[in-house]
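This report walks through selected local features of one structure, beginning with a metal site and moving on to a pocket, aromatic contacts and individual loop residues.

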Amino acid sequence: MLNSTNNINIAPYFNLSEFACPCCNLVMLHPKLLAKLVELRNILERPVYINSGYRCFEYNQKVGGVPNSYHRIGLAADIKVKDINLIELLEICENIDFNGIGFYEKKNFLHLDVRPTKRTRWRE
Ligand SMILES: [Zn+2]
Ligand SMILES: [Zn+2]
């Protein structure tokens with residue numbers, strides 16, 4: 001059954017379907033990204049919502065992602081956590097040392113990635 005596709009628990013509190021592209025169900029997820037998200041979940045002791053994980057080419061275009069987005073190759077996730085200040089969440093993520101962190105103040109989420117290149121931070 002299609003609805004069961006990707007319905008696989010890949011870590012405590014994380015299911016592969018949460019990382020799948022919403023338009024086509026395709027998914028790529030790097031184990032390093034997952035490990036860091038598990039670390040974050042363990043520190044927070046509350047749910048980490050994946051707003052956006054893997055994105056296929058079309059979906060990435062649709063949401064206005066940059067063409068070479070790390071979402072395209074399973075290295076990035078946009079996350080949201082309830083009842084925590086975004087600055088406080090950012091500090092925790094800094095300690096976990098995600099290589100890329102985008103701080104989206106108005107939309108109230110963080111972009112986290114494990115890019116292989118140099119440490120990058122930005123704010124919107
Ligand atoms: Zn898609
Ligand atoms: Zn992102």
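## Zinc site

In this predicted model, the zinc ion (ligand 2) is coordinated by NE2 of His71, OD of Asp78 and ND1 of His111, at 1.9 to 2.0 Å. Along the sequence these donor residues follow the spacing H-x6-D-x32-H.

The surroundings of two of the donors can be described further. His71 has a relative accessible area of 2%, and Asp78 has one of 6%; because buried means under 20% relative accessible area, His71 is classed as buried, and Asp78 is likewise classed as buried.

## The largest pocket

The largest pocket of the model holds about 440 Å³ of space. Its lining is made up of 20 residues, and those that lie nearest its centre are Arg55, Gly64, Gly65, Val66 and Tyr104. Two elements, β3 (49–52) and β6 (109–113), give two or more residues each to this lining.

By residue class, the lining of the largest pocket divides into seven nonpolar, eight polar and five charged residues. In reading these classes, it should be kept in mind that glycine is counted among the polar residues, and that Gly64 and Gly65 are among the residues nearest the centre of the pocket.

## Aromatic pairs

How many aromatic pairs does a search of the whole structure find? The search finds two. One of them joins Phe14 and Phe19, whose rings lie 6.0 Å apart centre to centre with 45 degrees between the planes, an arrangement described as tilted. Both partners are buried: Phe14 has a relative accessible area of 1%, and Phe19 also stands at 1% relative accessibility.

The other pair is formed by Tyr104 and Phe109, with ring centres 4.4 Å apart and planes at 10 degrees, so this pair counts as stacked. The reasoning rests on the angle, because planes under 30 degrees apart are taken as stacked. Tyr104 and Phe109 are both buried, and Tyr104 is also one of the residues that lie nearest the centre of the largest pocket.

## Tyr13 and its loop

Tyr13 is placed in the loop between β1 (9–11) and β2 (14–15). The residue is not a glycine, yet its phi is positive, at about 75 degrees. With a relative accessible area of 59%, Tyr13 is exposed, since the exposed class begins over 50%.

The ring of Tyr13 also takes part in a contact with a charged side chain: the charged end of Arg41 sits over this ring, 3.7 Å from its centre.

## Asp83, and the pair Asn6 and Asn25

A positive phi is also found at Asp83, where the angle is about 55 degrees although the residue is not a glycine. Asp83 belongs to the loop between β4 (76–80) and α3 (86–96), and at 76% relative accessibility this aspartate counts as exposed.

Asn6 is located in the segment before β1. Is Asn6 buried or exposed? At 13% relative accessibility, Asn6 counts as buried. The C-alpha atom of Asn6 is separated by 7.8 Å from that of Asn25, and the two asparagines are 19 residues apart along the chain.

Note on methods:
Residues are numbered from 1 along each chain as its sequence is written. Chains are lettered from A and ligands numbered from 1 in the order in which they are written. This is a predicted model: local features need pLDDT of at least 70, side-chain atom pairs count only at pLDDT 80 or more; totals for chains, interfaces and linings use all residues. Side-chain values use heavy atoms; hydrogens and water are left out. Donors are N, O and S atoms within 2.8 Å of the metal (3.2 Å for Na, K and Ca); water is not among the atoms, so sites may look incomplete. Buried means under 20% relative accessible area, exposed over 50%, partly exposed in between (1.4 Å probe, protein chains only). On a 1 Å grid over the protein atoms alone, a cavity is a set of points where a 1.4 Å probe fits but cannot get out, and a pocket is an open set with protein on both sides within 12 Å along at least five of seven lines; lining residues have an atom within 4 Å of a point. Grid points are joined across faces, edges and corners, and a volume is the space filled by probe spheres set on the points. Helices (H or I, at least four residues) and strands (E, at least two) are DSSP runs, numbered from the N terminus. Rings of Phe, Tyr and Trp (its six-membered ring) pair if their centres lie within 6.5 Å; planes under 30 degrees apart count as stacked, over 60 as edge-to-face and the rest as tilted. A charge sits over a ring if NZ of Lys or CZ of Arg is within 6 Å of the ring centre and within 35 degrees of the ring normal.
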